[in-house]
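Please open the model in your viewer and keep the sequence panel beside it. The stops below say what to select next and what is to be found there.

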Amino acid sequence: MRQALAEAGLAAAGGDVPVGAVLLAPDGVSVLAAAHNERELTGDPTAHAEVLAVRRGAAAVGEWRLTGCTLVVTLEPCTMCAGALVQSRVGRVVYGARDEKAGAAGSLWDVLRDRRLNHRPEVVPGVLAEECASLLTRFFRDTDFRPRPTLG
């Protein structure tokens, strides 16, 4: 989680919401990929830390199935990210802060443990939760974060 927090700091430094993610190999130690939010940087609505880490991890192992891998992320995944984690067959998701507004690992929805889906990763919530939440709180309190205006 400390490495994911460092990634989140990179997101904040780049003007993006500070969320960081690290994808660990099945051994639980080796890092396959690390990422942070890049939506503002790239203009890509799918450039969440989790999605980027999964993409980079799949490229590193040479296939889309990430069976046995663990994703460590500073904020509870949203529905898009939870769907990507189910589809990629990640074995475990470890997250820090809960997301009461958009969380899909137990807060608002529970996509990751939905029995109707063919894959359900283990979920480990609340790791360094206060530190992860504090980073987000400070970012929104101390910056003038304004997403780019939408068209239309």
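The tour goes from the whole chain to the sheet, then to the helices against it, and ends with single residues.

**Before you start**

This is a predicted model, in which local features need pLDDT of at least 70 and side-chain atom pairs count only at pLDDT 80 or more, while totals for chains, interfaces and linings use all residues. Residues are numbered from 1 along each chain as its sequence is written, and side-chain values use heavy atoms, with hydrogens and water left out.

**Stop 1: the whole chain**

Show the chain as a cartoon, and you can find five helices and five strands; helices (H or I, at least four residues) and strands (E, at least two) are DSSP runs, numbered from the N terminus. Followed along the sequence, these elements give the pattern α-β-β-α-α-β-α-β-β-α. The radius of gyration, which is taken over C-alpha atoms, is 15 Å, close to the 15 Å that the globule rule gives for 152 residues, so the chain is as compact as a globular protein of that length. The globule rule is 2.2 Å times the number of residues to the power 0.38. Along the principal axes, the C-alpha atoms fill a box of roughly 40 × 35 × 30 Å.

If you colour the chain by accessibility, 45% of the 152 residues count as buried, where buried means under 20% relative accessible area, exposed over 50% and partly exposed in between (1.4 Å probe, protein chains only).

**Stop 2: the sheet**

Select the strands next, and you will see that five of them form an open sheet in the order 2-1-3-4-5, with mixed pairing; two strands pair if DSSP finds at least two bridges between them. Strand 2 (31-36) and strand 5 (122-124) stand at the edges with a single partner strand each, so one side of each is left without a neighbour in the sheet. From one strand to the next, the twist averages 15°, where axes are lines fitted to C-alpha atoms, for helices over the stretch in contact, and angles run from 0 to 180 degrees between N-to-C directions.

Now look at strand 1 and strand 2, which pair in the antiparallel sense over five bridges, and where Val 22 has Ala 34 in strand 2 as its bridge partner. Their hairpin has six residues between the strands, and in it Gly 28 takes a positive phi near 75°.

Move on to strand 3 (residues 70-75) and strand 4 (residues 92-97), which run parallel and are joined by five bridges. Here the bridge partner of Val 73 is Tyr 95 in strand 4.

**Stop 3: helices on the sheet**

Add helix 1, which packs on the sheet and touches strand 1 (20-24), strand 2 and strand 3, its direction making about 35° with that of strand 2; contact means heavy atoms within 4.5 Å. Then add helix 5 (residues 129-142), which also packs on the sheet. Helix 5 touches strand 3 and strand 4, and its direction makes about 60° with that of strand 4.

Return to helix 1 (residues 2-13) and select Ala 13, which counts as exposed at 70% relative accessibility. Computed along the sequence or through space, how far apart are Ala 13 and Phe 139? They are 126 residues apart in sequence and 9.7 Å apart in space, C-alpha to C-alpha.

**Stop 4: three loop residues**

Select His 48 in the loop between helix 2 (39-42) and helix 3 (49-61). His 48 is buried, with a relative accessible area of 15%, and, leaving aside neighbours within four places in sequence, is in contact with Asn 37, Arg 39, Cys 78, Met 80 and Cys 81.

Go next to Arg 89, in the loop between helix 4 (79-87) and strand 4, where phi is near 65°, a positive value in a residue other than glycine. Leu 128, in the loop between strand 5 and helix 5, likewise has a positive phi, near 50°, and counts as partly exposed at 30% relative accessibility.

**Stop 5: cysteines**

Finally, select the cysteines; the structure holds zero disulfides, a disulfide being a pair of cysteine sulfur atoms within 2.5 Å. Cys 69 is buried, with a relative accessible area of 3%, and the closest cysteine sulfur, in Cys 81, is 17 Å from its own, too far for a bond. Cys 132 is buried at 1%, and its sulfur is 15 Å from the closest cysteine sulfur, again in Cys 81 and too far for a bond.
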